[in-house]
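Colleague: I would like to go through some of the terms used for this structure. Please give the reason behind each one.

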Amino acid sequence: MSESDALRERFEAVMMPNYGTPPLALARGEGCRVWDADGNQYLDLIAGIAVSALGHAHPAIVDAVTDQVGKLAHTSNLFVHEPGVRLAERLLGLLNTDGGGARVFFCNSGAEANEAAIKLVRRTLKTEIVGRSVRGTDRPFVAAIGSFHGRTMGSLSITGKEPIRTPFGPFGVNVRWIPYGDEAVLARAVDEDVAAVFLEPTLGEGGVVPPPEGYLRAVRQACDEAGALLVLDEIQSGIGRTGAWFAHQEAGITPDVLTLAKGLGGGLPIGACVGFGAAGTALGKGDHGSTFGGNPIACAAALAVLDTIEQQDILANVKAVGAALAAGIEATGHPLLKGVRGSGLWLAAVLTADRSAAVCAAAQARGFLVNPVQPDAVRLAPPLILSQAEAGEFTAALPEILTEAQA
Ligand SMILES: Cc1ncc(COP(=O)(O)O)c(C=O)c1O
């Protein structure tokens, strides 16, 4: 039995079956390559689900984390530390908040960032109507069918995937569900009773589905007219994934609340909830917290990610290599391929049949890791440092992969 299979067997014996048994055991990585437990090499085109922004074992992250762990690994929220303050300053700078009262809360994951956002919405609204009633607490959220916001009870309650949500109800959040990208339905759903619209700028787990042009501006306008807050979940889309620092910047809007995680730590666990304007200062002392959130090591890693992206103009790489990758996939003209969705290094190869699992298996057999995000969509979310040559390796192998998957 191979090392990888032996590890998978041990996994199955001791781990809860919530993930099934993953097809491969990985042992190490470097740049955009990873090696499995048997020493087989793969080009990593999924980056730990859009996380490893600088690839694997990037020297900037290795150095930052090594330095920080040797100095001070943990403080808890009882004490202030330099990497945390500097990271918040950096994020607000990238968000161009111009000192407009925006504030950051750090946590450890995407779901936690969204939990913070849900509480923040309720606190912001309650703060505004203080002295009148507690009506703010059960005002509904508007969320999209097909959306994904996390697995905790709050984030799951606004996740628009019934099979993963409904077995765990009831929830404490009222939700109005809307089809993603439909302006007319949005306009009807967002009235003055609504607390917040909670939305991804592009559906990630839903299959890398961008909204129609102008949709995010229409959402912003609907929220403004109704007095509802706009929460954008940029956990997957943020930190350069689309070729902009944040996807909402390309749409020309600013949310009231923004959530981040995944690529921010480049593989170290960190999430962030950013509140703009009134939402920036709505949480009072004792309202929320996390023991590990914004831990100095994770913050040092995140600073290394942001600095490296900036210093090496990695956003330009994301745009150029992403465009070439999308064009290369389209150019195969294979009968199993319907088209390509997405932008930057965040793409879905859309299939003419529900064969994504077979495509991923055929790709893995040829040394490429991709992800069957939907039955008919294969997701690519590689490290943002993917080179043109590496993208070319995949597009050259793709016709054969698709042909095998079609059989
Ligand atoms: C848009 C979005 N929000 C939230 C989450 C949840 O993040 P985490 O798995 O870190 O809790 C994810 C994870 O895939 C996501 O894609």
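Colleague: What makes α3 and α11 roughly antiparallel to each other?

Modeller: This is a predicted model. In it, the axes of helix α3 (residues 59–71) and helix α11 (residues 296–311) come within 8 Å and cross at roughly 150 degrees. Angles over 145 degrees count as roughly antiparallel, so α3 and α11 get that name.

Colleague: Which hand does the crossing of α3 and α11 have?

Modeller: The crossing of α3 and α11 is right-handed.

Colleague: Why are α13 and α14 called oblique to each other?

Modeller: Helix α13 (residues 356–365) and helix α14 (residues 388–406) have axes that cross at roughly 130 degrees and come within 8 Å. Roughly perpendicular covers 65 to 115 degrees, and roughly antiparallel starts over 145. The angle of α13 and α14 fits neither range, and therefore the pair is oblique. The crossing in which α13 passes α14 is right-handed.

Colleague: How do you know that A111 makes a polar contact with the ligand?

Modeller: A backbone N or O atom of A111 lies 2.8 Å from an oxygen atom of the ligand. The cut-off for such a pair is 3.5 Å, so A111 qualifies. For Q236, a polar side-chain atom lies 2.7 Å from an oxygen atom of the ligand. In the side chain of K262, an N or O atom is 3.1 Å from a ligand oxygen atom. Taken alone, the ligand exposes 390 Å², and the protein buries 81% of that.

Colleague: Which residues are closest to the ligand, and how many surround it?

Modeller: The ligand is surrounded by 13 residues, and the closest are G110, A111, D233, Q236 and K262. By class, the shell has 3 nonpolar, 6 polar and 4 charged residues. Helix α5 (residues 110–128) gives the largest share of this shell, with 3 residues.

Colleague: What makes the peptide bond from G169 to P170 cis?

Modeller: Its omega is near 0 degrees. P170 is found in the loop between α7 (162–165) and β6 (175–179).

Colleague: Why point out the phi of V208?

Modeller: Most residues other than glycine have a negative phi. V208 is not a glycine, yet its phi is positive, at about 50 degrees. V208 sits in the loop between β7 (196–199) and α9 (215–226).

Definitions and conventions:
Residues are numbered from 1 along each chain as its sequence is written. This is a predicted model: local features need pLDDT of at least 70, side-chain atom pairs count only at pLDDT 80 or more; totals for chains, interfaces and linings use all residues. Side-chain values use heavy atoms; hydrogens and water are left out. A residue is near a molecule or strand if one of its heavy atoms lies within 4 Å of it. A polar contact is a pair of N or O atoms within 3.5 Å; within protein, one must be able to donate a hydrogen and the other to accept it, and residues adjacent in sequence count only if both atoms are side-chain atoms. Accessible areas come from the Shrake-Rupley method with a 1.4 Å probe; for residues, only the protein chains shown count as cover. Helices (H or I, at least four residues) and strands (E, at least two) are DSSP runs, numbered from the N terminus. Ala, Val, Leu, Ile, Met, Phe, Trp, Tyr, Cys and Pro count as nonpolar, Asp, Glu, Lys and Arg as charged, and the others, Gly among them, as polar. Axes are lines fitted to C-alpha atoms, for helices over the stretch in contact, and angles run from 0 to 180 degrees between N-to-C directions. Angles under 35 degrees count as roughly parallel, over 145 as roughly antiparallel, 65 to 115 as roughly perpendicular and the rest as oblique. A crossing is left-handed if the near helix is turned anticlockwise from the far one by less than a right angle, and right-handed if clockwise.
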